Number of protein chains: 2
Amino acid sequence: MQLKSLRLFMAVAETGSFVAASQRLHTVQSNVTAHIKKLEEELGAQLIHRNGQARLTSAGYALVEYATRILVAHDEALDLFTRDQGACGRLRIGAMETTMALRLPPILAAYHTAYPEVDITLTTGPTAELTELLRAGEVEGVFVAGRLEHHRYHLLNVFSEQLVLVGPKPMSSMPSSEQWLASTFLAFRQGCSYRQRIELLLASYGINAIRIFEFGTLDAMLGCVVAGMGYTVLPLATVQAHQQRFDIHYLELPKPIADVDTYFATTEPGTWSPALSRFIDTLNDSVSAGCVYGRAQS
Amino acid sequence: MQLKSLRLFMAVAETGSFVAASQRLHTVQSNVTAHIKKLEEELGAQLIHRNGQARLTSAGYALVEYATRILVAHDEALDLFTRDQGACGRLRIGAMETTMALRLPPILAAYHTAYPEVDITLTTGPTAELTELLRAGEVEGVFVAGRLEHHRYHLLNVFSEQLVLVGPKPMSSMPSSEQWLASTFLAFRQGCSYRQRIELLLASYGINAIRIFEFGTLDAMLGCVVAGMGYTVLPLATVQAHQQRFDIHYLELPKPIADVDTYFATTEPGTWSPALSRFIDTLNDSVSAGCVYGRAQS
DNA sequence: CGAAAGCCATCTCATAACATGATAGTTACT
DNA sequence: AGTAACTATCATGTTATGAGATGGCTTTCG
């Protein structure tokens, strides 16, 4: 059975004539005859009466229902891919906790307003986990800190964050080694790229082994900072957004360590679903950002 | 886009391999490549990652939903027509009032029990109207009295009725001409074949013009018979079934006029939908009857 | 009743599409 | 690096398809 045959069949059913059907679908009458005949052979039943006017038989009447379902689904699929604009289905996105909390809401809102038919699934996690999800194809794109290094991905530089050291009291300078050793570093669970930054920073101070406490959510972590449990490192914008609710203080970090770019990473263009394409459009509209490619590396 | 391509695509999606997909659908790997490639060209998006294992891209993931819908509908249609047994959809049947009331219920019940998925639409009317409905394709089969004479139909002799004259009092012989002229003949509306019979009978008595009162339903007609409004002609079985409720009496009519066969008329076999085929099966199971064809006549 | 017009089935032919098998190129794994 | 498994590409024979012409059938109109 061919989609073309079903289209011709429906055209005959609707026009009541083989000739009219052939004209509607820009082909020739003999073609219509051949397709209908083949359909009839496959289904083992005459589909159309040929007594003067072409009317549906009982069997044809029964086929109409299925043909309609098939062709409607086909049309929708074609429309989705070929017609610009419009998206539906599911969109699975991953993001870091901090990005999710601060940067994503307006973008998601804009996207959802524009394409309400898309079901969005959000996953949060540290950069390493997100990268793995993307690699495994369980999400269609992830917001991560720093460039991905494992595969060939399409990277879109969407945000530039400035990391700051966050503590319970005002700080005028970096805590001393003694202070570090006396406190705990609060971080997201393994894989958080911010955490790697602070480890790098501490290493430059000659501090290698510090106590680390891992959190799953931002709020819990900030609560513990306020309680004086230790320090953490977060984007400046995130800290400022939470200073109303938490009595936290920050210290700017040295430039090369402080600057972190957040990328939206996906597989290469051309593999994008319409829903994903539209999301990237929305992203580009929301931020003015450059666009670079990551390269495979062993 | 071809159904074959979608099947291969789904096979690749499910097996995760072009080779496995080709084996599952009994074809060759290069074929799978070609079909997927064509699909990708048509949709303008890469559907499958080929990095070692064949995983769906975001676009492929989006297509799965539509492909599933299309293929499920296709499978159902094929199953419906090719697999024996099973029927669904709609079945539109017409029948005379008397057939509907007495003969059809057990048959419809049996059919509905066997094929609950079929929606049955019943239409009642006199033979002439039913014939027209069948000709116009608005019903798939009709129960009519006597052979259809207009087109080439498939006729199934399902019931043999014996017509009797029905009146309000016991009769030992045919009413006299005076009695006829003094009363009314109660009949279903124009087109009822029983009515034609009585007109034939009366004509043999030399009575041509009698008063006729037309009814739409059996109950109304019987009520009027009881009230002494006139005579009517009905199948013996129908009269006997109603003698509990109505004080009616009957007189047997002369053989050639009394005997009426009820046929189930449909278009020719081969045009039957599965639902209709199953119905005819059920009919054949319910009655032991011969099977004849009506012929076209100008 | 007969002629004409419409409509569909059939046929042929040229072209396009397809399935196949072999081969080359890629990637992942050891 | 070498191997194994996988996919892309190519050449080829076959099939399927679409277009046009023709003929038979039915309906319609004079």
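This is a guided tour of a predicted model, taken stop by stop.

**DNA strand D**

Begin by selecting DNA strand D and the residues around it. There are 17 of them, and those that come nearest are Thr27(A), Asn31(A), His35(A), Phe18(B) and Arg50(B). By kind, the residues of this surface divide into 4 nonpolar, 9 polar and 4 charged. Now colour the strand by atom type. Of the atoms of DNA strand D within 4 Å of the protein, 64% are part of sugar or phosphate, and the rest are part of bases.

Three side chains deserve a distance label here. In Arg50(B), a side-chain N or O atom is 2.5 Å from a phosphate oxygen of DNA strand D. For Thr27(A), the corresponding distance from a side-chain N or O atom to a phosphate oxygen of the strand is 2.6 Å. For Lys4(A), again from a side-chain N or O atom to a phosphate oxygen of the strand, it is 3.3 Å. Next, show the secondary structure: the elements that give two or more residues to the surface near DNA strand D are helix H3 (29-43) of chain A, and helix H2 (18-24) and helix H3 (29-43) of chain B.

**DNA strand C**

Move to DNA strand C. Which residues are closest to this strand? Among the 18 residues that surround DNA strand C, the closest are Arg50(A), Thr27(B), Ser30(B), Asn31(B) and His35(B). The surface near this strand is made up of 4 nonpolar, 10 polar and 4 charged residues. Sugar or phosphate accounts for 64% of the atoms of DNA strand C within 4 Å of the protein, with bases making up the rest.

Again, label the phosphate contacts. A polar side-chain atom of Arg50(A) is 2.5 Å from a phosphate oxygen of DNA strand C, and one of Asn31(B) is 2.6 Å from a phosphate oxygen of the strand. At Val19(A), look at the backbone instead: a polar backbone atom there lies 2.9 Å from a phosphate oxygen of DNA strand C. The elements that give two or more residues to the surface near DNA strand C are H2 and H3 of chain A and H3 of chain B.

**His26 in both chains**

Select His26(A), in the loop between helix H2 (18-24) and H3 of chain A. What is the sign of phi at His26(A)? The angle is positive, near 55°, in a residue other than glycine. Most residues other than glycine have a negative phi. His26(A) is exposed, at 73% relative accessible area.

Then select His26(B), which sits in the loop between H2 and H3 of chain B. Its phi is also positive, at about 55°, although this residue is not a glycine. His26(B) is exposed, with a relative accessible area of 72%.

**Arg7(B)**

Stay in chain B and go to helix H1 (residues 3-15), where Arg7(B) is found. Arg7(B) is partly exposed, at 26% relative accessible area. Leaving aside neighbours within four places in sequence, the contacts of Arg7(B) are Leu25(B), Leu71(B), His74(B) and Asp75(B). Draw a line from its C-alpha to that of Val32(B): the two residues are 25 apart in sequence and 9.9 Å apart in space.

**Helix H7 of chain B**

Select residues 127-136 of chain B, which form helix H7; here Thr127(B), Leu130(B), Thr131(B) and Leu134(B) are buried. Turn the view to look down the axis of H7(B): the buried residues line one face of the helix, because they fall within an arc of 100°. What do they pack against? Their partners in chain B are strands S3 (89-95), S4 (118-124), S5 (141-145) and S11 (259-266), along with helix H9 (193-204). Just after the helix comes Gly137(B), with a positive phi near 80°.

**Glu140(A)**

Switch to chain A and select Glu140(A), in the loop between helix H7 (127-136) and strand S5 (141-145). Is Glu140(A) buried or exposed? It is buried, with a relative accessible area of 3%. Not counting residues up to four places away in sequence, Glu140(A) touches residues of chain A including Arg90(A), Arg92(A), Leu134(A) and Ser273(A), and also Ser58(B) and Tyr61(B) from chain B.

**Cysteines**

Last, select Cys224 in each chain. Cys224(A) is buried at 17% relative accessible area, and Cys224(B) is buried at 16%. How many disulfides are there over all chains? A search of the whole structure finds 0.

Terms used. Residues numbered from 1 in each chain as written. Chains lettered and ligands numbered in written order. Predicted model: local features only at pLDDT ≥ 70, side-chain atom pairs only at ≥ 80, totals over all residues. Heavy atoms only, no water. Near = heavy atom within 4 Å. Polar contact = N/O pair within 3.5 Å; in protein donor to acceptor, adjacent residues only side chain to side chain. Helix = DSSP H or I, 4+ residues; strand = E, 2+ residues; numbered from the N terminus. Nonpolar A, V, L, I, M, F, W, Y, C, P; charged D, E, K, R; others polar. Buried < 20%, exposed > 50% of the residue type's maximum accessible area, 1.4 Å probe, protein only. Arc of directions from axis to C-beta. Contact = heavy atoms within 4.5 Å. Disulfide = S-S within 2.5 Å.
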